[in-house]
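Student: Could you take me on a close look at a single part of this structure, and then follow where its contacts lead? I'd like one connected answer rather than a list.

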Amino acid sequence: KVPEAKKMPEYYQHESLSTYFYRFNVETPPFNDVRVRKAFSLAIDRQDLTKHVLYDLHTPASYFCPPASGYEHVKGLEYNIEEAKKLLKESGLNTLEKPLIIELSYNKNSNNQKVAEYLSEVWIKNLGIKITLKNTEWKTYLEDMEKLRYQMIRSAWSADYNDPNSFFDMWVTKGGNNRTGWSNKKYDVLLLQSQEEKDKIKRMKIFQAMEKILVEDELPILPLYITVSYGLLKENVNGWHENLLSYHPFKYIWLE
């Protein structure tokens with residue numbers, strides 16, 4: 001019903017501080033090779049994903065952090081099939097001679113399934129890699145992620161507060177929210193620097209350096225899109241204010 005709703009005067013949508021992405025288990029083949037991780041990212045046309053699978057609602061993203069507190073994201077790895085094939089070949093994987101089968105895990109949800117099915121078609125077409133889909137209940141899904149019982153797994157992250165730190169501190173070595181097996185000493189040092197830096201401009205540049213490591217150099221994750229908040233809001237609603245955290249306490253909202 002989204003296309004119909006978009007035509008209504010009551011319809012609204014705006015970006016939120018929430019990112020939809022996949023995690024790689026970097027401790028096991030083939031994702032212990034950064035070239036394979038990069039190939040998977042480069043093979044995706046995120047514009048096509050958001051337009052044809054997600055009703056053109058969400059913002060395609062090859063980066064990880066939304067505009068928290070005015071943060072400006074880095075570019076990330078954009079759609080480039082030839083580069084993806086080149087990296088895959090350099091990694092030693094020859095999908096023509098020996099087909100590669102990857103298991104993609106996700107929790108039961110119609111949206112998660114549509115995205116997974118779309119990407120499985122993309123990767124078989126662009127890279128010759130077959131994807132098997134593992135659809136599990138929420139509890140099992142969380143346990144598999146925490147214990148690294150996966151190859152690639154669906155994830156999402158929403159900020160607890162309006163600051164890039166809410167997105168970047170989760171990837172520190174052995175952090176409770178990391179759940180990829182990934183570790184990078186330079187990233188850890190930059191995180192400490194960002195938490196000690198008082199100058200906002202310098203602090204944002206440190207975050208950009210961290211994001212470059214995360215989505216351009218190392219890729220323990222595969223960013224897909226920034227989610228939006230959307231719904232229907234009548235004109236006689238007062239006290240409702242658009243904000244990145246999608247925080248709307250009902251006690252401050254009233255009707256004319």
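Tutor: Happy to! Let's begin with an idea we need for comparing helices: an axis is a line fitted to C-alpha atoms, for helices over the stretch in contact, and the angle between two axes runs from 0 to 180 degrees between their N-to-C directions. Please keep in mind that this is a predicted model.

Our part is helix α9, which covers residues 200–218. Start with its partner α2, residues 34–42: the axes of α2 and α9 come within 9 Å and cross at roughly 90°. Angles from 65 to 115 degrees count as roughly perpendicular, so α2 and α9 are roughly perpendicular to each other. Who meets whom there? On the α2 side look for V34, R37 and K38, and on the α9 side for E216, D217 and E218. By residue type, this contact divides into 1 nonpolar, no polar and 5 charged residues. Side chains of opposite charge can pair when their charged atoms come close.

Now turn to another partner of α9. Helix α8, residues 185–196, has an axis that comes within 9 Å of the α9 axis, and the two cross at roughly 160°. An angle over 145 degrees counts as roughly antiparallel, which is why α8 is described as roughly antiparallel to α9. Their crossing is left-handed. From α8, the contact uses K186, Y187, L190, L191, Q193 and S194, while α9 brings R203, I206, F207, A209, M210, I213 and L214. This set divides into 9 nonpolar, 2 polar and 2 charged residues. You can put that beside the α2 contact, with its 1 nonpolar and 5 charged residues.

One name from that contact deserves a second look: R203 of α9. R203 forms a salt bridge with D163, and the closest N and O atoms are 2.8 Å apart. D163 sits in the loop between β5 (152–158) and α7 (165–168), so this pair links distant parts of the chain, 40 residues apart. Are the two partners buried or exposed? Under 20% relative accessible area counts as buried, so R203, at 18%, is buried, and D163, at 13%, is buried too.

That salt bridge is one of 9 in the structure. Another joins E137 and K108, at 3.2 Å from N to O. E137 lies in the loop between β4 (129–136) and α6, and K108 in the loop between β3 (100–107) and α5 (110–127), so this pair ties together parts that are 29 residues apart in sequence. E137 counts as partly exposed, because its relative accessibility is 48%. A further bridge joins E78 and K75, with the closest N and O atoms 3.8 Å apart. Here E78 is partly exposed at 43%, and K75 is exposed at 54%.

Salt bridges can also link up, as they do in the network of K134, E143, D144 and R149. D144 belongs to helix α6, residues 138–146, and with a relative accessible area of 4% D144 is buried. Leaving out residues up to four places away in sequence, D144 touches K134, R149 and Y150.

Y150 leads us back towards our starting point, since Y150 is among the residues that F24 touches. F24 is in strand β1, residues 11–24, and at 0% relative accessibility F24 is buried. Other residues touched by F24 include F31, F40, L219 and R37, and R37 is one of the α2 residues that meet α9. F24 and L219 are 195 residues apart in sequence, yet 8.2 Å apart in space from C-alpha to C-alpha.

Before you leave this region, find P30 in the loop between β1 and α2. The peptide bond from P29 to P30 is cis, with omega near 0°. So, starting from α9, you have met α2 at roughly 90°, α8 at roughly 160°, and D163 through the salt bridge of R203.

Notes:
Residues numbered from 1 in each chain as written. Predicted model: local features only at pLDDT ≥ 70, side-chain atom pairs only at ≥ 80, totals over all residues. Heavy atoms only, no water. Helix = DSSP H or I, 4+ residues; strand = E, 2+ residues; numbered from the N terminus. Parallel < 35°, antiparallel > 145°, perpendicular 65-115°, else oblique. Left-handed = near helix turned anticlockwise from the far one by under 90°. Contact = heavy atoms within 4.5 Å. Nonpolar A, V, L, I, M, F, W, Y, C, P; charged D, E, K, R; others polar. Buried < 20%, exposed > 50% of the residue type's maximum accessible area, 1.4 Å probe, protein only. Salt bridge = Lys/Arg side-chain N within 4 Å of Asp/Glu carboxyl O.
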